[in-house]
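The following exercises are to be worked through with the sequence and the structure at hand. Each task is followed by a solution in steps.

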Amino acid sequence: MIKLKKLTKQADNKLILRGVDLSIKKGETVAILGPNGAGKSTLLKVLATLIKPTSGQVMINGLELRKNQIMIKKLLGYLPHSSLLYDHYSPLENLVFFGNIYGVKDVEKKARKLVKDVGLSFFLNEPVKNFSRGMIQRIAIARAIIHEPEILLLDEPHTGLDQGAISILNNVILSMKEKGTTTLMVTHDFKQAAEICDRVIIVKNGIIVDDFKVEDRNLRFVTEKYEFQVEGAS
Ligand SMILES: Nc1ncnc2c1ncn2[C@@H]1O[C@H](COP(=O)(O)OP(=O)(O)OP(=O)(O)O)[C@@H](O)[C@H]1O
C-alpha cells in the first residue's frame, strides 16, 4: 500500500531524509517516533505530496507519487501542525467547504455528524477564531477525515488535547482502522503510540533506525526501544 525506496530529501544543502526504505500494509497503524529535527514531519509532508522528494521512489496504492499526485491526494487525509481551517468560518462551514473540495455526498449531514463526534455540537455555528487550541485541533481532525481517506497522515495529533479529546481522537483512529484505513502518526507521546499503534518506526538523523511491532499496548517496550536508539548506545 505505501512503499518507499531509498527516499531522500535535501533542502538548503541539508540532507533531511537520507535514504528511507519502508513498506506499510493496508490497515496498519504506525507511529513515527524520533527526536526533534529527525525528519519525521518532512517524511509525512513528502507522503502528503506537499514537498517533492529529492531522489528515491514513493508508491502509494501502486501509484508512483511523482506521476499521480491528484489521484493520491484523494486517498489521503492529512493533519499538519497548523489546522488549515478558515478562522472566520464556523466548524460546519469549514467542514462543508473542505468536504465539497473532495466531492463528499450529503456533506452537510456528514459535517454535522463529525462535529458531534468530536464533541463540539454546541459550537457548530461559532467562528473558529474564538476557539481554544484543543477545540481547533478537534475540528482539524474532523476536517482531515471528512472524505473518509484510505490513508491518514497525522502530525502530532494529540498535542493540545485534553483527556476527553484524546479518547475521541483515539476512537476515531481505531474506528477508521476497522474500516481498513492505514494511519501514519508522528508523535512524541509514547503512551498514545503504544495505545493505538500496532507498529513503531524510529527515525533519527533522516533514516529509520528501528521498526518493530507493538503487542499488548506495551508502553515500556516502546520506551526502552526508543531510549536504546535515541538516548543510549549510539
Ligand atoms: N524547508 C526546509 N529547509 C531547510 N531545512 C528544513 C526545511 N524543512 C525542514 N528542515 C530541517 O530539517 C530537519 C528535520 O525537520 P522536521 O520538521 O522533519 O523534523 P521533525 O523530526 O518533525 O522534528 P520535531 O520533532 O521537532 O517536529 C530540521 O533540522 C529542520 O530544520
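**Exercise 1. Classify Asp216 as buried, partly exposed or exposed, and describe its setting.**

Solution. The model is a predicted one, and the classification rests on counting C-beta atoms.

Step 1. Asp216 has 7 C-beta neighbours inside 10 Å. A residue is exposed if 12 or fewer other C-beta atoms lie within 10 Å of its own, so Asp216 counts as exposed.

Step 2. In the chain, Asp216 belongs to the loop between β10 (207-213) and α8 (219-231).

Step 3. The backbone of Asp216 has a phi near 50 degrees, which is a positive value in a residue other than glycine. Most residues other than glycine have a negative phi.

**Exercise 2. Which other residues have a positive phi, and where do they lie?**

Solution. Two further cases are treated here.

Step 1. Leu84 has a phi near 70 degrees, again positive in a residue other than glycine. Its place is the loop between β6 and α3. With 13 other C-beta atoms within 10 Å, Leu84 is partly exposed.

Step 2. Thr49, which follows α1, has a positive phi near 65 degrees.

**Exercise 3. Determine whether the overall dimensions of the protein chain agree with those of a compact globule.**

Solution.

Step 1. For 234 residues, a compact globule would have a radius of gyration near 17 Å.

Step 2. The protein chain has 18 Å, which agrees with that expectation. Along the principal axes, its C-alpha atoms fill a box of roughly 50 × 40 × 35 Å.

Step 3. The chain comprises eight helices and ten strands, and 40% of its residues are buried. Of the contacts between residues at least 6 apart in sequence, 67% join residues at least 24 apart.

**Exercise 4. Describe the shell around the ligand by residue, by element and by class.**

Solution.

Step 1. The ligand is surrounded by Ala11, Asp12, Lys14, Ile16, Gly34, Asn36, Gly37, Ala38, Gly39, Lys40, Ser41 and Thr42.

Step 2. β2 (14-24) and α1 (40-47) each supply at least two residues of this shell. The largest share, three residues, comes from α1.

Step 3. By class, the shell has three nonpolar, six polar and three charged residues.

Step 4. As for the surroundings of α1, six of its eight residues are buried, so this helix is largely enclosed by the rest of the structure. The buried residues are Lys40, Thr42, Leu43, Leu44, Val46 and Leu47.

**Exercise 5. Analyse helix α5: what are its length and burial, and what covers it?**

Solution.

Step 1. At 1.5 Å a residue, the 13 residues of α5 (residues 133-145) should span 18 Å. The end C-alpha atoms of α5 are 19 Å apart, which agrees.

Step 2. Ten of these 13 residues are buried, so α5 is largely enclosed by the rest of the structure. Among the buried residues are Met135, Gln137, Arg138 and Ile141.

Step 3. The cover over the buried residues of α5 includes β6 (76-79), α3 (91-101), α4 (107-117), β7 (151-155) and α6 (163-178).

Step 4. In soluble globular proteins, nonpolar side chains tend to be buried together. Here the largest nonpolar core has 67 residues, and those with the most contacts inside it are Ile32, Ile141, Ala142, Leu153 and Val200. The largest share of this core, seven residues, comes from α5.

Step 5. Leaving aside neighbours within four places in sequence, Ile141 is in contact with Leu79, Val118, Pro157, Leu169 and Val172.

**Exercise 6. For Thr29 and Val104, state the burial and identify a partner that is distant in sequence.**

Solution.

Step 1. Thr29 lies in strand β3 (residues 29-33). With 21 C-beta neighbours inside 10 Å, Thr29 counts as buried.

Step 2. Thr29 and Ile173 are 144 residues apart in sequence, yet their C-alpha atoms are 8.5 Å apart. Apart from neighbours within four places in sequence, the contacts of Thr29 are Ile173, Lys177, Thr183, Ile196, Cys197 and Asp198.

Step 3. Val104 is in the loop between α3 and α4, and it counts as partly exposed, with 18 C-beta neighbours inside 10 Å.

Step 4. Val104 and Ile146 are 42 residues apart in sequence and 7.6 Å apart from C-alpha to C-alpha. Not counting residues up to four places away in sequence, Val104 touches Gly99, Lys110, Ile146 and His147.

Notes. Residues are numbered from 1 along each chain as its sequence is written. This is a predicted model: local features need pLDDT of at least 70, side-chain atom pairs count only at pLDDT 80 or more; totals for chains, interfaces and linings use all residues. Helices (H or I, at least four residues) and strands (E, at least two) are DSSP runs, numbered from the N terminus. The radius of gyration is taken over C-alpha atoms; the globule rule is 2.2 Å times the number of residues to the power 0.38. A residue is buried if 20 or more other C-beta atoms lie within 10 Å of its own, exposed if 12 or fewer, and partly exposed in between; C-beta atoms are placed from the backbone. Two residues are in contact if their C-beta atoms, placed from the backbone, lie within 7 Å. A residue is near a molecule or strand if its C-beta atom, placed from the backbone, lies within 6 Å of it. Ala, Val, Leu, Ile, Met, Phe, Trp, Tyr, Cys and Pro count as nonpolar, Asp, Glu, Lys and Arg as charged, and the others, Gly among them, as polar. The expected span of a helix is 1.5 Å times one less than its number of residues. A nonpolar core is a set of buried Ala, Val, Leu, Ile, Met, Phe, Trp, Tyr and Cys residues joined through C-beta atoms within 7 Å.
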